[in-house]
Amino acid sequence: MEKKIFERPLIKKLQTGMPNKFGTKTEYDPITDIDGVAIKGLMAQYGSPLFVISENTIRETYREAYRAFSTRYPRVQFAWSYKTNYLSAVCRTFHQEGSWAEVVSGFEFEKALQNGVAGKNIIFNGPDKSTADLTMAINHGAYIHIDHFDELFLLNELADKLQKKPKVSIRVNMDTGIYPQWSRFGFNYENGEAWEALNRIMLGKKLELVGLHCHIGTYIMTPTAYGIAASKLADLAVGLASKYKHNISYIDMGGGFASKNTLKGAYLPGSDTCPSFDAYADAITSALINSSISPDHIPMLILETGRALVDDAGYLLSSVIANKRLADGKLATIVDAGVNILFTSFWYDHKVTPAQPFGYHTEDMIIYGPLCMNIDVIREYISLPPMKKGDHIVISRVGAYNMTQWMQFISYRPKVVMIDMHNAVHLVRENEDLSYVCQLEKHPEHLNDIKPL
Ligand SMILES: *Cc1c(COP(=O)(O)O)cnc(C)c1O
(Lines give C-alpha, C1' and ligand atoms only; values in the text may rest on other atoms or scores of the structure.)
Protein backbone atom coordinates (compact mmCIF):
# COMPACT_ATOMS: atom_id res chain seq x y z
CA MET A 1 0.00 0.00 0.00
CA GLU A 2 1.28 3.43 -0.86
CA LYS A 3 2.15 5.66 2.04
CA LYS A 4 -0.21 8.62 2.31
CA ILE A 5 1.36 12.05 2.21
CA PHE A 6 1.65 13.93 5.46
CA GLU A 7 -0.64 16.88 5.83
CA ARG A 8 0.18 19.30 8.64
CA PRO A 9 -2.74 20.09 10.99
CA LEU A 10 -4.31 23.49 10.58
CA ILE A 11 -6.94 25.52 12.36
CA LYS A 12 -9.54 27.00 10.08
CA LYS A 13 -12.35 29.38 10.95
CA LEU A 14 -15.76 27.84 10.31
CA GLN A 15 -17.76 29.80 7.80
CA THR A 16 -21.45 29.12 7.81
CA GLY A 17 -22.41 31.58 5.12
CA MET A 18 -23.04 35.27 4.87
CA PRO A 19 -25.83 36.67 6.98
CA ASN A 20 -28.54 38.73 5.39
CA LYS A 21 -30.38 41.39 7.39
CA PHE A 22 -32.38 38.71 9.22
CA GLY A 23 -29.31 36.76 10.36
CA THR A 24 -27.84 33.68 8.79
CA LYS A 25 -29.82 31.37 6.54
CA THR A 26 -32.10 29.19 8.64
CA GLU A 27 -30.80 25.77 7.73
CA TYR A 28 -28.03 24.38 5.60
CA ASP A 29 -28.46 20.66 5.94
CA PRO A 30 -31.57 18.56 6.03
CA ILE A 31 -32.10 16.26 9.02
CA THR A 32 -32.59 12.87 7.38
CA ASP A 33 -32.12 10.70 10.45
CA ILE A 34 -32.18 10.77 14.24
CA ASP A 35 -29.54 8.66 16.02
CA GLY A 36 -28.96 6.75 12.79
CA VAL A 37 -32.64 5.93 12.21
CA ALA A 38 -34.02 7.26 8.92
CA ILE A 39 -36.90 9.70 9.30
CA LYS A 40 -38.59 8.40 6.17
CA GLY A 41 -38.73 4.91 7.64
CA LEU A 42 -39.97 6.16 11.02
CA MET A 43 -42.85 8.04 9.42
CA ALA A 44 -43.72 5.16 7.12
CA GLN A 45 -43.94 2.81 10.10
CA TYR A 46 -45.43 5.00 12.83
CA GLY A 47 -47.37 7.63 10.91
CA SER A 48 -47.34 11.40 10.86
CA PRO A 49 -47.02 13.44 12.98
CA LEU A 50 -44.70 11.55 15.31
CA PHE A 51 -42.79 12.43 18.47
CA VAL A 52 -39.32 10.91 18.68
CA ILE A 53 -37.24 10.76 21.85
CA SER A 54 -33.51 10.09 21.81
CA GLU A 55 -32.48 8.03 24.84
CA ASN A 56 -28.87 8.77 23.99
CA THR A 57 -29.42 12.53 24.15
CA ILE A 58 -31.23 12.24 27.49
CA ARG A 59 -28.37 10.25 29.01
CA GLU A 60 -25.62 12.42 27.54
CA THR A 61 -27.29 15.62 28.68
CA TYR A 62 -27.92 14.23 32.15
CA ARG A 63 -24.31 13.11 32.48
CA GLU A 64 -23.04 16.49 31.35
CA ALA A 65 -25.19 18.23 33.96
CA TYR A 66 -24.26 15.76 36.70
CA ARG A 67 -20.57 16.13 35.91
CA ALA A 68 -20.80 19.94 36.03
CA PHE A 69 -22.15 19.82 39.59
CA SER A 70 -20.46 16.72 41.02
CA THR A 71 -16.99 17.94 40.06
CA ARG A 72 -17.63 21.13 42.03
CA TYR A 73 -19.54 19.93 45.07
CA PRO A 74 -19.25 16.78 47.20
CA ARG A 75 -22.90 15.63 47.36
CA VAL A 76 -25.17 16.14 44.38
CA GLN A 77 -28.58 14.64 43.64
CA PHE A 78 -30.87 15.32 40.69
CA ALA A 79 -34.64 14.80 40.95
CA TRP A 80 -36.51 14.47 37.67
CA SER A 81 -39.25 17.08 37.26
CA TYR A 82 -42.23 14.94 36.27
CA LYS A 83 -44.36 17.73 34.83
CA THR A 84 -41.64 18.48 32.27
CA ASN A 85 -42.15 15.07 30.67
CA TYR A 86 -43.80 12.24 32.57
CA LEU A 87 -43.82 9.58 29.90
CA SER A 88 -42.72 6.45 31.76
CA ALA A 89 -39.91 5.73 29.29
CA VAL A 90 -38.45 9.20 29.89
CA CYS A 91 -38.80 9.10 33.69
CA ARG A 92 -37.33 5.61 33.89
CA THR A 93 -34.30 6.69 31.84
CA PHE A 94 -33.62 9.49 34.32
CA HIS A 95 -34.19 7.17 37.28
CA GLN A 96 -31.77 4.64 35.80
CA GLU A 97 -29.21 7.45 35.62
CA GLY A 98 -29.72 8.00 39.35
CA SER A 99 -32.36 10.73 39.42
CA TRP A 100 -35.00 10.89 42.12
CA ALA A 101 -38.52 12.06 41.26
CA GLU A 102 -39.84 15.60 41.76
CA VAL A 103 -43.64 15.69 41.65
CA VAL A 104 -46.27 18.42 42.03
CA SER A 105 -49.54 16.49 42.35
CA GLY A 106 -51.07 13.32 43.70
CA PHE A 107 -51.22 11.98 40.15
CA GLU A 108 -47.51 12.56 39.57
CA PHE A 109 -46.72 11.04 42.98
CA GLU A 110 -48.62 7.88 42.00
CA LYS A 111 -46.84 7.81 38.65
CA ALA A 112 -43.44 7.98 40.35
CA LEU A 113 -44.43 5.08 42.64
CA GLN A 114 -45.61 3.15 39.58
CA ASN A 115 -42.23 3.76 37.96
CA GLY A 116 -40.65 2.05 40.96
CA VAL A 117 -39.31 5.11 42.77
CA ALA A 118 -39.11 4.63 46.56
CA GLY A 119 -40.98 7.21 48.65
CA LYS A 120 -37.71 8.34 50.25
CA ASN A 121 -36.57 9.38 46.75
CA ILE A 122 -39.63 11.46 45.95
CA ILE A 123 -39.81 15.22 46.45
CA PHE A 124 -43.36 16.53 46.68
CA ASN A 125 -43.69 20.18 45.59
CA GLY A 126 -46.55 22.44 44.61
CA PRO A 127 -49.39 24.45 46.13
CA ASP A 128 -52.08 21.76 45.80
CA LYS A 129 -51.59 18.78 48.07
CA SER A 130 -54.82 17.32 49.39
CA THR A 131 -55.17 15.54 52.73
CA ALA A 132 -55.14 12.24 50.83
CA ASP A 133 -52.01 13.27 48.87
CA LEU A 134 -50.17 14.31 52.02
CA THR A 135 -51.21 11.13 53.82
CA MET A 136 -49.80 9.09 50.92
CA ALA A 137 -46.58 11.12 50.96
CA ILE A 138 -46.15 10.79 54.74
CA ASN A 139 -46.78 7.06 54.65
CA HIS A 140 -44.19 6.65 51.91
CA GLY A 141 -41.63 8.79 53.73
CA ALA A 142 -41.37 11.33 50.91
CA TYR A 143 -39.92 14.84 51.26
CA ILE A 144 -42.78 17.29 51.45
CA HIS A 145 -41.92 20.84 50.42
CA ILE A 146 -44.37 23.12 52.19
CA ASP A 147 -45.85 25.91 50.07
CA HIS A 148 -48.00 27.89 52.53
CA PHE A 149 -49.10 28.08 56.17
CA ASP A 150 -52.37 26.23 55.59
CA GLU A 151 -50.33 23.27 54.38
CA LEU A 152 -48.06 23.54 57.42
CA PHE A 153 -51.06 23.46 59.78
CA LEU A 154 -52.59 20.50 57.93
CA LEU A 155 -49.29 18.63 58.19
CA ASN A 156 -49.23 19.24 61.95
CA GLU A 157 -52.70 17.72 62.22
CA LEU A 158 -51.76 14.75 60.04
CA ALA A 159 -48.61 14.14 62.09
CA ASP A 160 -50.81 13.75 65.18
CA LYS A 161 -53.38 11.64 63.40
CA LEU A 162 -50.89 9.28 61.75
CA GLN A 163 -48.49 9.28 64.71
CA LYS A 164 -45.60 10.00 62.34
CA LYS A 165 -43.06 12.77 61.97
CA PRO A 166 -43.33 13.90 58.33
CA LYS A 167 -40.10 14.92 56.61
CA VAL A 168 -40.51 18.48 55.39
CA SER A 169 -38.71 21.40 53.79
CA ILE A 170 -40.05 24.83 53.07
CA ARG A 171 -40.08 26.42 49.66
CA VAL A 172 -38.56 29.88 49.85
CA ASN A 173 -39.16 32.69 47.36
CA MET A 174 -36.85 35.64 47.19
CA ASP A 175 -35.48 38.55 45.24
CA THR A 176 -32.69 37.26 43.01
CA GLY A 177 -32.74 40.10 40.51
CA ILE A 178 -35.15 38.19 38.25
CA TYR A 179 -38.37 40.08 37.56
CA PRO A 180 -41.26 39.61 37.74
CA GLN A 181 -40.39 37.88 40.99
CA TRP A 182 -42.14 34.56 41.60
CA SER A 183 -43.57 35.13 45.05
CA ARG A 184 -46.74 33.08 44.72
CA PHE A 185 -45.03 29.85 45.77
CA GLY A 186 -43.51 29.26 49.16
CA PHE A 187 -42.51 31.67 51.91
CA ASN A 188 -40.79 34.97 51.30
CA TYR A 189 -37.20 35.44 52.41
CA GLU A 190 -36.94 39.21 52.59
CA ASN A 191 -40.08 39.94 54.62
CA GLY A 192 -39.35 37.33 57.29
CA GLU A 193 -42.11 34.91 56.29
CA ALA A 194 -39.59 32.13 55.64
CA TRP A 195 -38.24 32.48 59.19
CA GLU A 196 -41.76 32.49 60.57
CA ALA A 197 -42.39 29.14 58.85
CA LEU A 198 -39.08 27.70 60.06
CA ASN A 199 -39.71 28.85 63.63
CA ARG A 200 -43.19 27.31 63.62
CA ILE A 201 -41.80 24.01 62.37
CA MET A 202 -38.93 23.94 64.85
CA LEU A 203 -41.02 25.01 67.84
CA GLY A 204 -43.99 22.82 66.86
CA LYS A 205 -41.73 19.71 67.01
CA LYS A 206 -44.22 17.64 64.99
CA LEU A 207 -42.37 17.85 61.67
CA GLU A 208 -38.81 16.89 60.82
CA LEU A 209 -37.17 19.79 58.99
CA VAL A 210 -34.81 18.16 56.48
CA GLY A 211 -34.14 20.83 53.87
CA LEU A 212 -34.65 24.18 52.21
CA HIS A 213 -36.03 24.59 48.71
CA CYS A 214 -36.39 27.27 46.08
CA HIS A 215 -37.36 27.34 42.40
CA ILE A 216 -36.77 30.89 41.27
CA GLY A 217 -38.42 30.68 37.85
CA THR A 218 -37.98 29.01 34.50
CA TYR A 219 -35.75 29.66 31.48
CA ILE A 220 -33.48 31.76 33.72
CA MET A 221 -30.59 32.96 31.59
CA THR A 222 -28.53 34.52 34.37
CA PRO A 223 -26.58 32.03 36.49
CA THR A 224 -25.79 34.78 39.04
CA ALA A 225 -29.47 34.70 40.10
CA TYR A 226 -28.85 31.13 41.33
CA GLY A 227 -25.80 32.32 43.24
CA ILE A 228 -27.95 34.88 45.07
CA ALA A 229 -30.65 32.27 45.77
CA ALA A 230 -28.11 29.74 47.08
CA SER A 231 -26.58 32.39 49.39
CA LYS A 232 -29.99 33.22 50.81
CA LEU A 233 -30.83 29.55 51.47
CA ALA A 234 -27.37 29.05 52.99
CA ASP A 235 -28.05 32.02 55.25
CA LEU A 236 -31.25 30.34 56.50
CA ALA A 237 -29.32 27.09 57.07
CA VAL A 238 -26.67 28.93 59.09
CA GLY A 239 -29.42 30.65 61.10
CA LEU A 240 -31.07 27.30 61.88
CA ALA A 241 -27.76 25.86 63.03
CA SER A 242 -27.09 28.78 65.35
CA LYS A 243 -30.61 29.23 66.71
CA TYR A 244 -31.70 25.60 67.03
CA LYS A 245 -28.44 23.62 66.64
CA HIS A 246 -30.31 21.98 63.79
CA ASN A 247 -28.52 20.99 60.60
CA ILE A 248 -30.55 20.47 57.48
CA SER A 249 -29.60 17.59 55.19
CA TYR A 250 -30.14 19.25 51.83
CA ILE A 251 -30.49 22.47 49.89
CA ASP A 252 -32.71 22.08 46.82
CA MET A 253 -32.15 24.73 44.14
CA GLY A 254 -35.15 23.69 42.02
CA GLY A 255 -35.08 23.85 38.23
CA GLY A 256 -35.29 26.67 35.73
CA PHE A 257 -32.08 26.42 33.72
CA ALA A 258 -32.62 27.68 30.16
CA SER A 259 -32.68 25.23 27.27
CA LYS A 260 -31.20 25.93 23.85
CA ASN A 261 -34.58 26.85 22.40
CA THR A 262 -35.00 30.40 21.12
CA LEU A 263 -37.59 32.52 22.89
CA LYS A 264 -39.89 34.49 20.62
CA GLY A 265 -38.51 37.98 20.18
CA ALA A 266 -34.98 36.98 21.22
CA TYR A 267 -32.30 38.69 19.17
CA LEU A 268 -29.90 35.76 19.10
CA PRO A 269 -30.62 32.03 18.81
CA GLY A 270 -30.95 30.20 22.14
CA SER A 271 -28.19 27.81 21.14
CA ASP A 272 -25.80 30.80 21.29
CA THR A 273 -27.14 32.42 24.46
CA CYS A 274 -28.03 29.45 26.70
CA PRO A 275 -25.61 29.31 29.67
CA SER A 276 -23.75 26.02 30.11
CA PHE A 277 -24.42 23.65 33.00
CA ASP A 278 -20.92 24.62 34.16
CA ALA A 279 -21.94 28.27 34.45
CA TYR A 280 -24.99 27.41 36.61
CA ALA A 281 -22.96 24.93 38.66
CA ASP A 282 -20.24 27.50 39.27
CA ALA A 283 -22.70 30.09 40.55
CA ILE A 284 -24.56 27.67 42.85
CA THR A 285 -21.66 25.69 44.27
CA SER A 286 -19.47 28.76 44.82
CA ALA A 287 -22.25 30.38 46.83
CA LEU A 288 -22.66 27.26 48.99
CA ILE A 289 -18.96 26.58 49.46
CA ASN A 290 -18.22 30.20 50.34
CA SER A 291 -21.14 30.43 52.78
CA SER A 292 -20.80 30.08 56.54
CA ILE A 293 -22.31 26.58 56.58
CA SER A 294 -20.16 24.40 58.82
CA PRO A 295 -17.86 22.08 56.84
CA ASP A 296 -19.01 19.22 59.11
CA HIS A 297 -22.58 19.62 57.93
CA ILE A 298 -22.35 20.28 54.21
CA PRO A 299 -25.90 19.75 52.93
CA MET A 300 -26.63 17.62 49.89
CA LEU A 301 -27.29 19.76 46.82
CA ILE A 302 -30.49 18.77 45.01
CA LEU A 303 -31.39 19.97 41.52
CA GLU A 304 -34.80 19.63 39.91
CA THR A 305 -33.69 20.57 36.41
CA GLY A 306 -36.43 19.93 33.85
CA ARG A 307 -36.37 21.55 30.41
CA ALA A 308 -32.58 21.89 30.14
CA LEU A 309 -32.24 18.10 30.53
CA VAL A 310 -34.87 16.92 28.06
CA ASP A 311 -35.63 19.60 25.48
CA ASP A 312 -32.87 18.52 23.07
CA ALA A 313 -33.93 14.86 23.27
CA GLY A 314 -37.37 15.43 21.72
CA TYR A 315 -38.24 15.82 18.03
CA LEU A 316 -41.57 16.25 16.33
CA LEU A 317 -41.76 14.88 12.80
CA SER A 318 -44.47 16.29 10.60
CA SER A 319 -45.57 16.27 6.95
CA VAL A 320 -46.52 19.03 4.57
CA ILE A 321 -50.26 18.98 3.85
CA ALA A 322 -50.37 21.85 1.36
CA ASN A 323 -48.87 25.14 0.21
CA LYS A 324 -50.85 28.25 -0.47
CA ARG A 325 -50.42 31.96 -1.06
CA LEU A 326 -51.91 34.37 1.42
CA ALA A 327 -53.69 37.44 0.08
CA ASP A 328 -50.52 39.51 0.55
CA GLY A 329 -48.52 37.06 -1.54
CA LYS A 330 -46.72 35.41 1.35
CA LEU A 331 -46.05 31.69 1.09
CA ALA A 332 -47.89 29.59 3.67
CA THR A 333 -47.02 25.96 4.27
CA ILE A 334 -49.52 23.85 6.19
CA VAL A 335 -48.15 20.91 8.15
CA ASP A 336 -49.92 18.16 10.10
CA ALA A 337 -48.55 19.10 13.57
CA GLY A 338 -50.41 21.90 15.33
CA VAL A 339 -50.20 23.93 18.52
CA ASN A 340 -52.43 21.38 20.25
CA ILE A 341 -49.49 18.98 20.36
CA LEU A 342 -46.74 21.62 20.31
CA PHE A 343 -47.67 23.82 23.22
CA THR A 344 -44.21 25.38 23.40
CA SER A 345 -44.66 26.98 19.98
CA PHE A 346 -46.51 29.73 21.86
CA TRP A 347 -43.25 30.97 23.36
CA TYR A 348 -40.44 29.45 21.30
CA ASP A 349 -39.40 29.94 17.70
CA HIS A 350 -38.75 26.24 17.24
CA LYS A 351 -36.07 25.12 14.87
CA VAL A 352 -37.72 23.64 11.77
CA THR A 353 -35.64 21.64 9.30
CA PRO A 354 -36.64 19.88 6.09
CA ALA A 355 -36.13 16.12 6.31
CA GLN A 356 -35.13 15.69 2.67
CA PRO A 357 -32.30 17.16 0.59
CA PHE A 358 -32.97 20.59 -0.90
CA GLY A 359 -31.33 23.14 -3.16
CA TYR A 360 -29.99 26.59 -2.34
CA HIS A 361 -33.13 28.60 -2.89
CA THR A 362 -35.10 29.60 0.20
CA GLU A 363 -38.26 31.58 0.65
CA ASP A 364 -39.81 33.44 3.57
CA MET A 365 -42.86 31.59 4.73
CA ILE A 366 -45.29 31.05 7.54
CA ILE A 367 -45.85 27.53 8.83
CA TYR A 368 -49.39 26.70 9.90
CA GLY A 369 -50.61 23.64 11.78
CA PRO A 370 -53.64 21.60 10.64
CA LEU A 371 -56.23 22.97 13.07
CA CYS A 372 -59.21 24.96 11.90
CA MET A 373 -58.11 27.77 14.21
CA ASN A 374 -56.39 31.02 13.33
CA ILE A 375 -53.94 30.71 16.23
CA ASP A 376 -52.49 27.48 14.88
CA VAL A 377 -49.11 28.86 13.83
CA ILE A 378 -45.91 26.83 14.23
CA ARG A 379 -43.54 29.53 12.88
CA GLU A 380 -44.70 33.02 12.01
CA TYR A 381 -41.65 33.87 10.00
CA ILE A 382 -39.04 31.46 8.71
CA SER A 383 -36.85 31.18 5.66
CA LEU A 384 -36.88 27.63 4.28
CA PRO A 385 -36.55 25.90 0.95
CA PRO A 386 -40.00 25.56 -0.59
CA MET A 387 -41.47 22.16 0.14
CA LYS A 388 -44.20 20.18 -1.52
CA LYS A 389 -47.12 18.13 -0.25
CA GLY A 390 -45.87 14.96 1.41
CA ASP A 391 -42.42 16.36 2.28
CA HIS A 392 -41.34 15.95 5.88
CA ILE A 393 -40.03 18.43 8.42
CA VAL A 394 -38.28 17.96 11.75
CA ILE A 395 -39.14 20.29 14.63
CA SER A 396 -36.28 20.17 17.12
CA ARG A 397 -36.02 20.63 20.90
CA VAL A 398 -39.54 19.68 21.82
CA GLY A 399 -38.74 17.28 24.70
CA ALA A 400 -39.93 19.58 27.49
CA TYR A 401 -43.53 20.49 28.34
CA ASN A 402 -45.08 19.23 25.11
CA MET A 403 -45.78 15.57 25.85
CA THR A 404 -47.42 16.70 29.11
CA GLN A 405 -49.18 19.92 28.12
CA TRP A 406 -50.44 18.67 24.75
CA MET A 407 -54.17 18.46 24.45
CA GLN A 408 -56.63 16.30 22.68
CA PHE A 409 -58.29 18.90 20.51
CA ILE A 410 -59.82 18.45 17.05
CA SER A 411 -57.67 15.42 16.28
CA TYR A 412 -55.97 12.50 18.01
CA ARG A 413 -52.62 12.81 19.70
CA PRO A 414 -49.90 10.95 17.79
CA LYS A 415 -47.56 8.12 18.71
CA VAL A 416 -44.33 8.65 20.63
CA VAL A 417 -41.29 6.49 19.94
CA MET A 418 -37.96 6.28 21.69
CA ILE A 419 -34.71 5.41 19.96
CA ASP A 420 -32.56 3.44 22.39
CA MET A 421 -28.78 3.39 22.86
CA HIS A 422 -28.45 0.73 20.14
CA ASN A 423 -30.55 2.66 17.63
CA ALA A 424 -33.55 0.37 18.08
CA VAL A 425 -36.94 2.05 17.94
CA HIS A 426 -39.56 1.45 20.67
CA LEU A 427 -43.15 2.60 20.73
CA VAL A 428 -43.52 4.34 24.14
CA ARG A 429 -47.00 5.82 23.71
CA GLU A 430 -49.75 4.75 21.35
CA ASN A 431 -51.69 7.23 19.26
CA GLU A 432 -55.21 7.97 20.44
CA ASP A 433 -58.29 6.71 18.66
CA LEU A 434 -62.04 7.20 18.95
CA SER A 435 -62.55 4.59 21.67
CA TYR A 436 -59.74 6.09 23.80
CA VAL A 437 -61.13 9.60 23.50
CA CYS A 438 -64.71 8.50 24.23
CA GLN A 439 -64.07 5.98 26.98
CA LEU A 440 -64.89 8.42 29.79
CA GLU A 441 -68.03 9.80 28.15
CA LYS A 442 -71.64 8.90 28.83
CA HIS A 443 -74.92 10.34 27.62
CA PRO A 444 -78.34 10.33 29.26
CA GLU A 445 -80.66 7.62 28.01
CA HIS A 446 -83.13 9.97 26.25
CA LEU A 447 -80.31 10.84 23.82
CA ASN A 448 -79.80 7.25 22.70
CA ASP A 449 -81.92 7.84 19.65
CA ILE A 450 -81.12 11.08 17.82
CA LYS A 451 -84.31 11.09 15.70
CA PRO A 452 -86.00 14.50 16.21
CA LEU A 453 -88.78 14.17 18.83
C1 LIG B 1 -41.49 23.01 36.93
C2 LIG B 1 -40.60 22.84 38.09
C3 LIG B 1 -39.29 22.38 37.93
C4 LIG B 1 -38.64 22.18 36.57
O5 LIG B 1 -38.44 23.43 35.99
P6 LIG B 1 -37.62 23.63 34.62
O7 LIG B 1 -37.77 25.07 34.33
O8 LIG B 1 -38.24 22.77 33.58
O9 LIG B 1 -36.20 23.24 34.89
C10 LIG B 1 -38.54 22.15 39.07
N11 LIG B 1 -39.06 22.38 40.31
C12 LIG B 1 -40.31 22.86 40.51
C13 LIG B 1 -40.81 23.09 41.86
C14 LIG B 1 -41.12 23.10 39.39
O15 LIG B 1 -42.37 23.59 39.59
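This passage describes the ligand site, the aromatic pairs and some backbone features of a predicted model.

The ligand sits in the second largest pocket. Its shell holds 16 residues. Lys83, Thr218, Gly256, Glu304 and Tyr401 come nearest to the ligand. By class, the shell consists of 10 polar, 5 charged and 1 nonpolar residues.

Polar contacts were examined next. The side chain of Lys83 places a polar atom 2.6 Å from an oxygen atom of the ligand. Tyr401 also faces a ligand oxygen: an N or O atom in the Tyr401 side chain is 2.6 Å from an oxygen atom of the ligand. For Glu304, the ligand partner is a nitrogen atom, and the distance from a polar side-chain atom is 2.6 Å. Each of these pairs falls within the 3.5 Å limit for a polar contact. Taken alone, the ligand exposes 390 Å². The protein buries 94% of that area.

Aromatic pairs were searched over the whole structure. The search finds 23 of them. One pair joins Phe69 and Phe257. The ring centres of Phe69 and Phe257 are 6.1 Å apart and the planes stand at 5°, so this pair is stacked. The cut-off for stacking is an angle under 30 degrees. Phe69 belongs to helix α2, which spans residues 55–70. Phe257 lies in the loop between β11 (250–252) and α9 (270–273). The pair therefore ties together parts that are 188 residues apart in sequence.

The backbone shows three further features of note, each in a loop. Most peptide bonds are trans, and most residues other than glycine have a negative phi. The peptide bond from Ser48 to Pro49 is cis, with omega near -5°. Pro49 is found in the loop between α1 (39–46) and β3 (50–54). A cis peptide bond also runs from Tyr179 to Pro180, again with omega near -5°. The loop that holds Pro180 lies between β8 (167–173) and β9 (187–188). Arg397 is not a glycine, yet has a positive phi of about 60°. Its place is the loop between β18 (392–396) and β19 (416–419).

Key
Residues are numbered from 1 along each chain as its sequence is written. This is a predicted model: local features need pLDDT of at least 70, side-chain atom pairs count only at pLDDT 80 or more; totals for chains, interfaces and linings use all residues. Side-chain values use heavy atoms; hydrogens and water are left out. A residue is near a molecule or strand if one of its heavy atoms lies within 4 Å of it. A polar contact is a pair of N or O atoms within 3.5 Å; within protein, one must be able to donate a hydrogen and the other to accept it, and residues adjacent in sequence count only if both atoms are side-chain atoms. Accessible areas come from the Shrake-Rupley method with a 1.4 Å probe; for residues, only the protein chains shown count as cover. On a 1 Å grid over the protein atoms alone, a cavity is a set of points where a 1.4 Å probe fits but cannot get out, and a pocket is an open set with protein on both sides within 12 Å along at least five of seven lines; lining residues have an atom within 4 Å of a point. A molecule sits in a cavity or pocket if more than half of its atoms lie within 2 Å of its grid points. Ala, Val, Leu, Ile, Met, Phe, Trp, Tyr, Cys and Pro count as nonpolar, Asp, Glu, Lys and Arg as charged, and the others, Gly among them, as polar. Rings of Phe, Tyr and Trp (its six-membered ring) pair if their centres lie within 6.5 Å; planes under 30 degrees apart count as stacked, over 60 as edge-to-face and the rest as tilted. Helices (H or I, at least four residues) and strands (E, at least two) are DSSP runs, numbered from the N terminus.
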